[in-house]
Amino acid sequence: MELPRLETERLVLRAPSESDVPAMPGVFHDPDIYAYTRNIPYPYTPDDAVAAIDRYRRLADEGRAMTLFPELIETGEMIGLAVLVVEADRPVAELGYALGRRWWGRGYATEACRAMLAYGFGTLGLDEINAHSMVRNPASARVLEKLGMVSLGEIAKACEKDGLLYDAHGYVMNRAQWESR
Ligand SMILES: CC(C)(COP(=O)(O)OP(=O)(O)OC[C@H]1O[C@@H](n2cnc3c(N)ncnc32)[C@H](O)[C@@H]1OP(=O)(O)O)[C@@H](O)C(=O)NCCC(=O)NCCS
């Protein structure tokens with residue numbers, strides 16, 4: 001899967017690369033990011049960053065996930081990640097995202113995710129994009145609502161993390177809903 005470069009009003013979303021490794025612990029080393037995401041470790045070391053860059057590339061090569069790093073146009077800072085994890089046998093993907101804490105609360109996650117939805121429906125030809133936010137994570141649920149995704153309510157044990165199952169709010173959007181938003 002070719003990783004695109006997506007531009008929004010304030011962000012560029014582009015492929016992760018080895019040159020991001022020094023900045024990544026400063027963005028992702030955070031107990032709350034660890035708590036609310038599936039694959040971001042805590043503590044987050046430079047070795048974790050190297051492994052993550054390898055994994056993102058492998059998943060893209062295998063067509064399984066498109067991980068992009070949003071960067072602020074104004075400063076060039078890399079501020080987090082957004083990902084579409086594509087199902088193997090149908091045109092459906094799950095949206096994920098995390099931003100470094102110092103950039104929370106400025107609408108950047110919503111802006112980045114809107115670009116991911118546009119690319120997913122517009123270029124990847126997906127029929128459906130879904131997302132799950134753990135029940136203790138209202139900021140993430142709010143992002144999904146602002147995107148216009150439809151709430152499926154609380155789903156018991158919908159998120160698997162470190163071998164445990166957590167309740168989550170499910171959200172979904174299909175192509176027709178995207179086109180008529
Ligand atoms: C979730 C996350 C990506 C949000 O990023 P962000 O850039 O702050 O998101 P936005 O600014 O686009 O939107 C956040 C919304 O949540 C709201 N919000 C923040 N904290 C909240 C809380 N405790 N309760 C209710 N709403 C909350 C904000 O007010 C904002 O809504 P508004 O625009 O209507 O005011 C960021 O907090 C994060 O990276 N968290 C850790 C990782 C994570 O949870 N990833 C998602 C996994 S599903």
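Hi everyone, let's start at the surface, where Arg114, Arg142, Lys146 and Arg181 come together in a patch of positive charge. Keep in mind, please, that this is a predicted model.

Let me pick out one member of that patch, Arg142. You'll find Arg142 in helix 5, which covers residues 138-146. Is Arg142 buried or exposed? Somewhere in between: its relative accessibility is 46%, so Arg142 counts as partly exposed, the cut-offs being under 20% for buried and over 50% for exposed.

Now let's go to strand 5, residues 92-99. How many of its residues are buried? Eight of the eight, so strand 5 is largely enclosed by the rest of the structure. If you follow the side chains along strand 5, Val92, Glu94, Gly96 and Ala98 point one way, while Ala93, Leu95, Tyr97 and Leu99 point the other way. Both sets are buried, and yes, that includes Glu94 and Tyr97.

So what does strand 5 pair with? One partner is strand 4, residues 80-86, and the two run antiparallel with seven bridges between them. To find your way on the screen, look for Gly80, which sits opposite Leu99 of strand 5. The connection from strand 4 to strand 5 is a hairpin of five residues.

Strand 5 also has strand 6, residues 128-134, as a neighbour. Here the strands run parallel, and three bridges join them. A handy landmark for this pairing is Ala93, which stands opposite Ile129 in strand 6.

That's my tour, thanks for listening, and I'm happy to go back to any of these spots with you!

Notes:
Residues numbered from 1 in each chain as written. Predicted model: local features only at pLDDT ≥ 70, side-chain atom pairs only at ≥ 80, totals over all residues. Heavy atoms only, no water. Patch = residues over 30% accessible without salt bridge, like charges linked within 9 Å, V, L, I, M, F, W, Y side chains within 5 Å. Areas by Shrake-Rupley, 256 points an atom, 1.4 Å probe, with all protein chains shown as cover. Salt bridge = Lys/Arg side-chain N within 4 Å of Asp/Glu carboxyl O. Lys, Arg positive; Asp, Glu negative; His and termini not counted. Charge placed at Lys NZ, Arg CZ, Asp CG, Glu CD. Helix = DSSP H or I, 4+ residues; strand = E, 2+ residues; numbered from the N terminus. Buried < 20%, exposed > 50% of the residue type's maximum accessible area, 1.4 Å probe, protein only. Pairing = 2+ DSSP bridges.
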